[in-house]
Amino acid sequence: MSILLVQFLRVEGLVEDLFLQKEYELGFTYTRSTGPVVGKFLTGLKNKKIFGNRGSDGRVIVPPMEYDPETFQPLNDFVQVSDAGMIESWCWVAEPRPAHPSAVPFAWVMIKLDGADISMIHHVVTDEPSRVVTGARVKASWIDQPVGLISDIRYFVLEK
Amino acid sequence: MDIDICIVAFSQSACLAQAGAANEVELIMPELEAVYRQVGISNAQDVDFVCSGSCDYLQGAAFAFVSGVDALGAVPPIQESHVEMDAAWALYEAVLKIRMGHAESALVYGFSKSSPGELPIVLSQQLDPYYLAPQWIDSISLAALQARLMLDRGIIELSDMAAVVASSRRCAIENKKAQLSGQFSVSDLLKEPEYVSPLRRADCSPISDGASAMIICTKSKAEEWNVPFARLVGIDHRIETHNLGMRDLTTSHSTRLVAEALSIHSDSLDIAELYAPFSHQQLILEKSLELRPETDINPSGGVLAGNLMMASGLSRVGEVFDRIVDGKASRGLAHATSGPCLQHNLLAILERG
């Protein structure tokens, strides 16, 4: 169709009648299950609970793993752990990147939750950066309406 | 190995902070031309197999590596393969191809243009898709968590990390392809502000654009081409779990396993080129490999002086090859890594031909 004709139709308000328009969101047209292990963890988050599972050597892994990395055994002995724990390692991000979960300076942390043997990675937001040290106690701050994603834990906060 | 495998040619571009308007094919072409010249062939039709390493995430397009094949002139059809990994693993595949008797010669290359994107964030998408990738934890922050564990446990000190950087920059003065070089003292480096604590910017490899290429072949082919060569007497790799909490991040278990599998004999290594994207990781590798003081570590400056994603691992092998052919070394070790905090490690042993 010539450009002149399209311009004519536009002026006459006829474009909308002529062209079908529909909003389109680019994404997968299917859903997939996260399975019995990752799904157990994510469903737990939705209820503000944190689940891990026991590895072949009995250690409690949080978040849970589908298979033991050493023995390759499927793992399904689930254990609920606390949403509070201790910082095992940390780094301070003075200048957060746009993709980061916090717009204000924060710490990435490895946290060993009470009841877990393996530490998980999340972040701590605080206005007292000097209190972010290895061994410090932290507790999860949950979003108001969890949906079953790792971001249901808004961040961890330092315990008083 | 039943079949003697020889490295006969290597070329690497300069590590550029920004390659400007040059696309990936334009980054690869000069290196391919250079290795063709070194063995006296005219194009990819003159080798039996071609394997490349690159990452679609860096270009931000599916099957972007196919455009790299344009650099080869793949008509009439050639035997070609690709790894979504550093080209050191493309080298590994090419070695298997020759050892199986399916090829006598192979061209291997790796390339990336990392500058247009935000590399540390792009790399976050290689992590666990439910637990970590949605948090967008970048590669530098993960390395910082690893360094903190080492510092807390007294395994290293900040000055040890700065000494690695100082050595890298000093060695890189002689390396025309390097991006960062110069004389820096440990105290100068420690005066720099923290970046992602405990790391300073100098502890992190720079972001670089570029490519490298290599030709390997059987010994009889090397003699037919009548070119100097180094023998690739061993190559192997091991990977650790993707669960960072389950790994002992202060050491490199997988590197130890490869070293044992290959019997690297660290007491008879003239040089070692290690792919340590962060200063403290070089200290982990030196310890895991039990390197001796007599071994010249990263004479090129290593990747702290310039880090070509998807090519740096192949380049470590190339740097050892160059020094063996030049007569500066008779036996050397090359290391390549992939994944966060040295998750996956490859070693190659090279000897004078």
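**Q&A on a two-chain predicted model**

Q: What share of the 160 residues of chain A counts as buried?
A: First, the ground rules: this is a predicted model, where local features need pLDDT of at least 70, side-chain atom pairs count only at pLDDT 80 or more, and totals for chains, interfaces and linings use all residues. Residues are numbered from 1 along each chain as its sequence is written, chains are lettered from A and ligands numbered from 1 in the order in which they are written, and side-chain values use heavy atoms, with hydrogens and water left out. Buried means under 20% relative accessible area, exposed over 50%, and partly exposed in between (1.4 Å probe, protein chains only). By that yardstick, the buried share of chain A's 160 residues is 42%.

Q: In what order do the elements of chain A run?
A: Helices (H or I, at least four residues) and strands (E, at least two) are DSSP runs, numbered from the N terminus. Chain A has 3 helices and 8 strands. Reading from its N terminus, the order is α-α-α-β-β-β-β-β-β-β-β.

Q: Which strands are the edge strands of the open sheet in chain B?
A: Two strands pair if DSSP finds at least two bridges between them. With mixed pairing, 10 strands of chain B line up as β3-β2-β4-β7-β1-β8-β12-β11-β9-β10. An edge strand pairs on one side only, and here that goes for β3 (80–83) and β10 (296–297).

Q: Which residue of β10(B) stands opposite B:A272?
A: Look at strand β9 (residues 271–273) of chain B, which pairs with β10(B) in the parallel sense over 2 bridges. Across from B:A272 in β10(B) stands B:I297.

Q: About what angle does the direction of helix α12 of chain B make with that of β1(B)?
A: Contact means heavy atoms within 4.5 Å, while axes are lines fitted to C-alpha atoms (for helices over the stretch in contact), with angles from 0 to 180 degrees between N-to-C directions. Helix α12 (residues 312–325) packs on the sheet, touching β1, β4, β7, β8, β9, β11 and β12 of chain B. Its direction and that of β1(B) make an angle of about 105°.

Q: Why does β7(B) count as largely enclosed by the rest of the structure?
A: In the sheet, β7(B) runs antiparallel to β1(B), with 7 bridges joining them, and antiparallel to β4(B) as well, with 9 bridges. B:M214 of β7(B) faces B:F10, and B:I216 of β7(B) has B:A106 opposite. β7(B) is largely enclosed because its buried residues number 10 of 10.

Q: How far apart are the end C-alpha atoms of α4(B)?
A: The expected span of a helix is 1.5 Å times one less than its number of residues. For the 13 residues of α4(B) that should come to 18 Å, and the model agrees. The end C-alpha atoms are apart by 18 Å.

Q: Which residue caps the N-terminal end of α4(B)?
A: α4(B) is mostly covered, with 10 of its 13 residues buried, among them B:W89, B:L91 and B:Y92. A polar contact is a pair of N or O atoms within 3.5 Å; within protein, one must be able to donate a hydrogen and the other to accept it, and residues adjacent in sequence count only if both atoms are side-chain atoms. At the N-terminal end of α4(B), the backbone nitrogen of B:A88 lies 2.8 Å from a side-chain oxygen of the cap, B:D86.

Q: Which helix gives the most to the largest nonpolar core?
A: A nonpolar core is a set of buried Ala, Val, Leu, Ile, Met, Phe, Trp, Tyr and Cys residues joined through side-chain atoms within 4.5 Å. The largest has 81 residues, and those with the most contacts inside it are A:I50, A:L113, B:L199 and B:L333. The top helix here, with 8 residues, is chain B's α6 (residues 139–152).

Q: Is B:D236 buried or exposed?
A: B:D236 sits in strand β8 of chain B, where its side chain makes a polar contact with that of B:R238 at 3.0 Å. Leaving aside neighbours within four places in sequence, its contacts include B:Y92 and B:V258. Its relative accessible area is 17%, so B:D236 is buried.

Q: The backbone nitrogen of which residue does the side chain of B:S288 reach?
A: B:S288 is found in helix α11 (residues 279–288) of chain B and is buried at a relative accessible area of 4%. Beyond four places in sequence, it is in contact with B:T251, B:S252, B:T255 and B:R256. At 3.3 Å, its side chain reaches the backbone nitrogen of B:S252.
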